Amino acid sequence: MNTREILIGARKLIEKPENWTQGARSRDINGKPSVFGYKASAVCWCMLGAMEMTGKSLFANNKAQQVIELVINMNSIIRWNDSPDRTHAEVLAAFDRAIELCSED
């Protein structure tokens, strides 16, 4: 999976507001948080968790993270995602911009 595919897949995972979370990489149907984005029981994810769930390659995930960090102008995706005033629309817009910037690798 290339970087662009990871970004597109991660965005698709959290496209619906109920599939996006803050304060955990993922959550199960009961809201129980996980420190891993790739838990099989996950039904919602933060930005980083969605990239972990989508991408299976550490190298590709690192590149996807770098593109997102460039877009959000911050080196902590988790801190940006978890900001109390962060909106779902802002998260999707960040993914959209990252996808635009991402070359077809």
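## A nonpolar patch on the surface

Val35 is exposed, because its relative accessible area is 60% and the cut-off for exposed is over 50%. This value, like the others here, comes from a predicted model. Val35 sits in the loop that runs between β2 (33-34) and β3 (44-45).

Val35 has company at the surface. Together with Phe36 and Tyr38, Val35 makes up a nonpolar patch. The accessible area of the three residues adds up to about 330 Å². A general tendency is worth setting beside this patch. In soluble globular proteins, nonpolar side chains tend to be buried together.

## The chain as a whole

Now step back to the full fold. The protein chain contains 5 helices and 3 strands. Along the sequence, their order is α-β-β-β-α-α-α-α. The radius of gyration of the protein chain is 12 Å, close to the 13 Å that the globule rule gives for 105 residues, so the chain is as compact as a globular protein of that length. Its C-alpha atoms fill a box of roughly 40 × 30 × 20 Å along the principal axes.

How much of the protein chain is buried? Buried residues account for 45% of the 105 residues. The chain exposes about 5,900 Å². Carbon and sulfur atoms supply 54% of that area. Contacts also reach far along the sequence. Take the contacts between residues at least 6 apart: 60% of them join residues at least 24 apart.

## The nonpolar core

The largest nonpolar core holds 25 residues. Which of them touch the most other members? They are Leu7, Ile14, Met47, Met51, Ile68 and Phe95. Several elements each give two or more residues to this core: α1 (3-13), α2 (47-54), α3, α4 and α5 (88-101). The most comes from α5, with 6 residues.

Look at Ile14 in detail. Set aside its neighbours within four places in sequence. Ile14 is then in contact with Asn19, Trp20, Trp45, Ala50, His88, Val91, Leu92 and Phe95. Phe95, one of these partners, is also among the core residues that touch the most other members.

## A covered helix

Helix α2 is mostly covered, with 7 of its 8 residues buried. These buried residues are Met47, Leu48, Gly49, Ala50, Met51, Glu52 and Thr54. Met47 and Met51 appeared above among the best-connected core members, those that touch the most others. Ala50 appeared as a contact of Ile14. Glu52 returns in the next section, as a salt bridge partner.

## Salt bridges

How many salt bridges does the whole structure have? The search finds 5. One of them joins the side chains of Arg11 and Asp96, at 2.4 Å from N to O. Arg11 lies in helix α1 and Asp96 in helix α5, so this pair ties together parts that are 85 residues apart in sequence. Arg11 counts as buried because its relative accessibility is 17%, under the 20% cut-off. Asp96 is partly exposed, at 31%. A salt bridge network links Arg11, Glu15 and Asp96.

A second pair is Arg25 and Glu52, with their closest N and O atoms 2.4 Å apart. This pair also links distant parts of the chain. Arg25 is in the loop between α1 and β1 (26-27), while Glu52 is in helix α2, 27 residues apart. Is Glu52 buried or exposed? Glu52 is buried, because its relative accessibility is 14%. Arg25 is partly exposed, with a value of 24%.

Another salt bridge stays within one helix. Glu100 pairs with Arg97, and the closest N and O atoms are 3.1 Å apart. Both residues lie in helix α5, 3 residues apart, which is about one turn of the helix. Glu100 is exposed, at 58% relative accessible area. Arg97 is partly exposed, at 41%.

## An unusual backbone angle

One last residue to find is Asn73. Where is Asn73 placed? Asn73 belongs to the loop between α3 (58-72) and α4 (77-81). Its phi is near 55 degrees, a positive value in a residue other than glycine. Asn73 counts as exposed because its relative accessibility is 71%.

Definitions and conventions. Residues numbered from 1 in each chain as written. Predicted model: local features only at pLDDT ≥ 70, side-chain atom pairs only at ≥ 80, totals over all residues. Heavy atoms only, no water. Helix = DSSP H or I, 4+ residues; strand = E, 2+ residues; numbered from the N terminus. Buried < 20%, exposed > 50% of the residue type's maximum accessible area, 1.4 Å probe, protein only. Core = buried A, V, L, I, M, F, W, Y, C linked by side-chain atoms within 4.5 Å. Contact = heavy atoms within 4.5 Å. Patch = residues over 30% accessible without salt bridge, like charges linked within 9 Å, V, L, I, M, F, W, Y side chains within 5 Å. Areas by Shrake-Rupley, 256 points an atom, 1.4 Å probe, with all protein chains shown as cover. Salt bridge = Lys/Arg side-chain N within 4 Å of Asp/Glu carboxyl O. Rg over C-alpha atoms; globule rule 2.2 N^0.38 Å.
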